[in-house]
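Q: I've just opened this one and don't know my way around yet. Pick one part, take a close look at it with me, and then show me what lies in the rest.

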Amino acid sequence: MNVITTAIEGVKIVEPDIFGDNRGWFVEQYNQSRYKAAGITADFVQDNESFSSKGVVRGLHWQAGEHAQAKLVRVIRGAVWDVAVDIRKGSPTFGQHVSVVLTGENKKQFFIPRGFAHGFIVLEDNTLFSYKCDNLYCPQADRGLLFSDPALNIEWPKVDAELKLSEKDRKHPGLAGIEPWEE
């Protein structure tokens, strides 16, 4: 596998090895020892999936305090434009982001460490998205950041569909209104 280090410390893009022949293909989606050797040391304890149509925006989300989660995400079917925003208190890259296109075809994975808000926009109908998390979800620790806050300087891709957000995601504060993440 190829692990790409991004401009923000800790955020990584993983390109797994894909083995194909006349029967189809095989890919190892996760191998703890190989990922740890690549610097992804999270011990994953919960797997989640979401199914969405084109134009759905999910995020930007994180969990506060002791309930923080590192995530290893991928698309099983379809496509998303995925983003991680640094919200770590005192970080030299606070408020900056890294993005990547994840598709069922390219099989890339995105590792988002604790201390980052995470979200995505769905680029294709019938998209199936998978999350590995290193901590269990805790509703009381759920936090959000307004995806369209101009202070984030995120250029979300245009999609030829109406944007669909949850009511909760529409009401998140901008970067100036959040409490930065502390370990």
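A: Let's start with one cysteine, C133, which is buried: its relative accessible area is just 1%. Keep in mind that this is a predicted model. Does C133 form a disulfide or stay out of one? Across the whole structure, a search turns up 0 disulfides, and C133 is in none: the nearest cysteine sulfur belongs to C138 and sits 13 Å away. A disulfide needs two cysteine sulfur atoms within 2.5 Å, so that pair doesn't qualify. Seen from the other end, C138 is in no disulfide either, and its nearest cysteine sulfur is that of C133, at 13 Å. C138 has a relative accessibility of 12%, and it counts as buried because the cut-off is under 20%.

Now for a buried stretch of chain. Take a look at β8, residues 79–86: 8 of its 8 residues are buried. Which residues are on each side of it? One face carries A79, W81, V83 and V85, while the other carries V80, D82, A84 and D86, and both faces are covered.

What does β8 pair with? A bit of background helps: strands of a sheet pair through backbone hydrogen bonds, either parallel or antiparallel. β8 runs antiparallel to β9 (residues 97–103), with 7 bridges joining the two. β8 also pairs with β11, again in the antiparallel sense and over 7 bridges. W81 is a handy marker here: its bridge partner in β9 is V101, and in β11 it stands opposite I121.

Zoom out a little and you get an open sheet of 5 strands, running in the order β9-β8-β11-β6-β13 with antiparallel pairing. At its edges are β9 and β13 (142–144), each of which pairs on one side only. From one strand to the next, the twist averages 25 degrees. Over at the β13 end, 3 bridges join that strand to β6, and the two run antiparallel. There, W62 has R143 in β13 as its bridge partner.

Hang on to W62, as it turns up again at a hole in the model. Rolling a probe the size of a water molecule over the atoms shows where empty space is left. Here the count comes to 1 cavity of 30 Å³ or more, and the largest cavity holds about 70 Å³ of space. It is lined by 13 residues, and those closest to its centre are W62, Q63, Q69, G115 and F116. Which strands supply at least two lining residues each? They are β6 (57–63) and β11 (116–122), with β6 giving the largest share, 3 residues. By type, the lining splits into 6 nonpolar, 5 polar and 2 charged residues.

There's another open sheet to find, too. This one has 6 strands in the order β1-β2-β10-β7-β12-β5, with antiparallel pairing. Its edge strands are β1 (2–5) and β5 (46–52), and each pairs on one side only. The twist in this sheet averages 20 degrees from one strand to the next. Inside that order, β7 (residues 71–77) and β10 (residues 109–112) pair in the antiparallel sense over 4 bridges. If you want a spot to click on, try R74, whose bridge partner in β10 is Q109.

Note on methods
Residues numbered from 1 in each chain as written. Predicted model: local features only at pLDDT ≥ 70, side-chain atom pairs only at ≥ 80, totals over all residues. Heavy atoms only, no water. 1 Å grid on protein atoms, 1.4 Å probe; cavity = no way out; pocket = protein on both sides within 12 Å on 5 of 7 lines; lining within 4 Å. Points joined across faces, edges and corners; volume = space filled by probe spheres on them. Nonpolar A, V, L, I, M, F, W, Y, C, P; charged D, E, K, R; others polar. Buried < 20%, exposed > 50% of the residue type's maximum accessible area, 1.4 Å probe, protein only. Pairing = 2+ DSSP bridges. Axes fitted to C-alpha atoms, helices over the stretch in contact; angles between N-to-C directions.
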